[in-house]
Amino acid sequence: PPLTEWPAEGYARMDYNVDVLPGMPPGDYTLALSLFDWETLEPASVLGADSNPVGPEFVLGQVRVLPPSRAPDVAGLGVPEDARVQRCGALGLWSMTADRAQAAPGDVVALRWVWEALDAMPVSAMATVSLRDAAGAVVRTWYLPPTASWWPTDLWRPGDRWIGQPILRLPGSVESGDYVLRVGLPGCADMAEVALRIVAPERRWDVPAGFTATDVAFEEVIRLAGYDMDVLSVAPGDSLTVALAWQALAEMETSYRVFVHLVGAEGQVLAQSDGEPAGWTRPTTGWAVGEVVVDERVVAIPGDTVPGEYEIRVGLYVLDGPRLLTASGEDAVVLPVDGRQ
């Protein structure tokens, strides 16, 4: 049954098969478990020994993938029947696809390409992926290993076939239009390309009327320019909506996540809302310099919360990394909330 029907303190066993796909680069991999809300995609944080969130994933263990005894055939790697290998020296490219045909600035685009070692390679090669506009001008360039950084091409044997799945973040300043993602190797500029339509969002440049103005910069990349709360007093079992007005101070290569924590007098986190801004629709990598992004977050107050004074702490962090700090060295902005019934 769904989690909402599980009895308190109940247990359930779930068995999963995790496939090791053909063409997967050999190496050490991590198995991680995460839970998220199906409707909002908001992840549930793992709690540490102090009951505070430590991250959205629980590491189950490590798995070592070994090289196969023989190379898989191209059909088993999802290569179209009419595909022909594009040769560049000792390497060949069979196919390249993208996980989407349309994206927004700052979105993640996942490529999937199939490579073959046609001859032995004395040195490692890097692939070049360029984002080009309709006029052919290069907007952004990425330099990527064909498969994985720990499995360079000089370790490949002639006849080996491997799948690479690089992930690209589109620049936040890119405008709407038709683009292509083009891949090449040194000496072979245009081996394959995929079309990509980019649709930029409507942007605002001011803080909404009625917001409480603030001026707190986080490491000179993002500024909390204002906030608004729907109520100032809440009861146990209620929800509190906090609207945050963030402003981009620089173009960002990192997708920062926002946290809003309800914190008790002893510093314990009683409730929270974490995730990428605006319901995961506006990653910080998609913000233009000076743009104001309104991020509305709902914090559910636990039913067993003891009435009293609490704090709402707001900040930003890197997934599996540190929090951003203010100029005074704080890792959060405190918004006071009256928690009396």
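**Figure 1. D190 is an exposed partner in a salt bridge.** The view comes from a predicted model. D190 has a relative accessible area of 51%. That value is over the 50% cut-off, so D190 counts as exposed. The side chain of D190 meets the side chain of R182 in a salt bridge. The distance from N to O is 3.8 Å. R182 also appears among the residues that V129 touches.

**Figure 2. R204 and D206 form a salt bridge.** The closest N and O atoms of the two residues are 3.2 Å apart. R204 is partly exposed, with a relative accessible area of 34%. D206 is partly exposed too, at 45%. Both values fall between the cut-offs of 20% and 50%, so neither residue counts as buried or as exposed.

**Figure 3. E291 and R282 form a salt bridge between buried residues.** The closest N and O atoms lie 3.0 Å apart. E291 has a relative accessibility of 1% and counts as buried. R282 counts as buried as well, at 14%. Elsewhere, D99, R100 and D107 are joined into one network by salt bridges that share partners. The count for the structure comes to 20 salt bridges. In general, side chains of opposite charge can pair when their charged atoms come close.

**Figure 4. A248 is a buried residue in strand β19.** Its relative accessible area is 1%. Leaving aside neighbours within four places in sequence, A248 is in contact with V221. A248 is also in contact with W287, A288, V289, G290 and E291, again leaving aside those neighbours. E291 is the salt-bridge partner of R282. G226 is 22 residues from A248 along the chain. The C-alpha atoms of A248 and G226 are separated by 13 Å.

**Figure 5. E116 is a buried residue with polar contacts to two side chains.** E116 is found in strand β10. Its relative accessible area is 10%, under the 20% cut-off, so E116 is buried. One polar contact joins the side chains of E116 and W94, at 2.7 Å. Another runs from the side chain of E116 to the side chain of R161, at 3.0 Å. Not counting residues up to four places away in sequence, E116 touches A90, L91, G92, W94, G159, D160 and R161.

**Figure 6. The largest nonpolar core has 33 residues.** L111, W113, W115, V129, L181 and V183 touch the most other members. Several strands contribute at least two residues each: β8 (91-98), β10 (108-117), β11 (127-132), β12 (138-144), β15 (177-185) and β16 (188-198). A second, separate core has 29 residues, including Y227, V242, L262 and L324. In soluble globular proteins, nonpolar side chains tend to be buried together.

**Figure 7. V129 touches residues from several places in the sequence.** Among them are L111, W113, L181 and V183. These four, like V129, are listed among the core members that touch the most others. V129 also touches R140, T141, W142, L144, L168 and R182. These lists leave out residues up to four places away in sequence.

**Figure 8. F218 and W246 form an edge-to-face aromatic pair.** A search of the whole structure finds six aromatic pairs. In this one, the ring centres are 6.1 Å apart and the planes meet at 65°. The angle is over 60 degrees, so the pair is edge-to-face. F218 lies in strand β17 (residues 212-218) and W246 in strand β19 (residues 239-248). The pair links distant parts of the chain, 28 residues apart. Both F218 and W246 are buried.

**Figure 9. F259 and Y317 form a tilted aromatic pair.** Their rings are 6.2 Å apart, centre to centre, with 45° between the planes. F259 lies in strand β20 (residues 257-263), and Y317 in strand β23 (residues 309-317). The pair therefore ties together parts that are 58 residues apart in sequence. Both F259 and Y317 are buried. R323 joins the view: its charged end sits over the ring of F259, 4.2 Å from the ring centre.

**Figure 10. The whole protein gives the setting for the close-ups.** The protein has one helix and 24 strands. Its C-alpha atoms fill a box of roughly 75 × 50 × 35 Å, taken along the principal axes. Buried residues make up 41% of the 341 residues. Among contacts with a separation of 6 or more, 66% come from residues 24 or more positions apart.

Methods: Residues are numbered from 1 along each chain as its sequence is written. This is a predicted model: local features need pLDDT of at least 70, side-chain atom pairs count only at pLDDT 80 or more; totals for chains, interfaces and linings use all residues. Side-chain values use heavy atoms; hydrogens and water are left out. Rings of Phe, Tyr and Trp (its six-membered ring) pair if their centres lie within 6.5 Å; planes under 30 degrees apart count as stacked, over 60 as edge-to-face and the rest as tilted. Helices (H or I, at least four residues) and strands (E, at least two) are DSSP runs, numbered from the N terminus. Buried means under 20% relative accessible area, exposed over 50%, partly exposed in between (1.4 Å probe, protein chains only). A charge sits over a ring if NZ of Lys or CZ of Arg is within 6 Å of the ring centre and within 35 degrees of the ring normal. A nonpolar core is a set of buried Ala, Val, Leu, Ile, Met, Phe, Trp, Tyr and Cys residues joined through side-chain atoms within 4.5 Å. Contact means heavy atoms within 4.5 Å. A polar contact is a pair of N or O atoms within 3.5 Å; within protein, one must be able to donate a hydrogen and the other to accept it, and residues adjacent in sequence count only if both atoms are side-chain atoms. A salt bridge is a side-chain nitrogen of Lys or Arg within 4 Å of a carboxyl oxygen of Asp or Glu.
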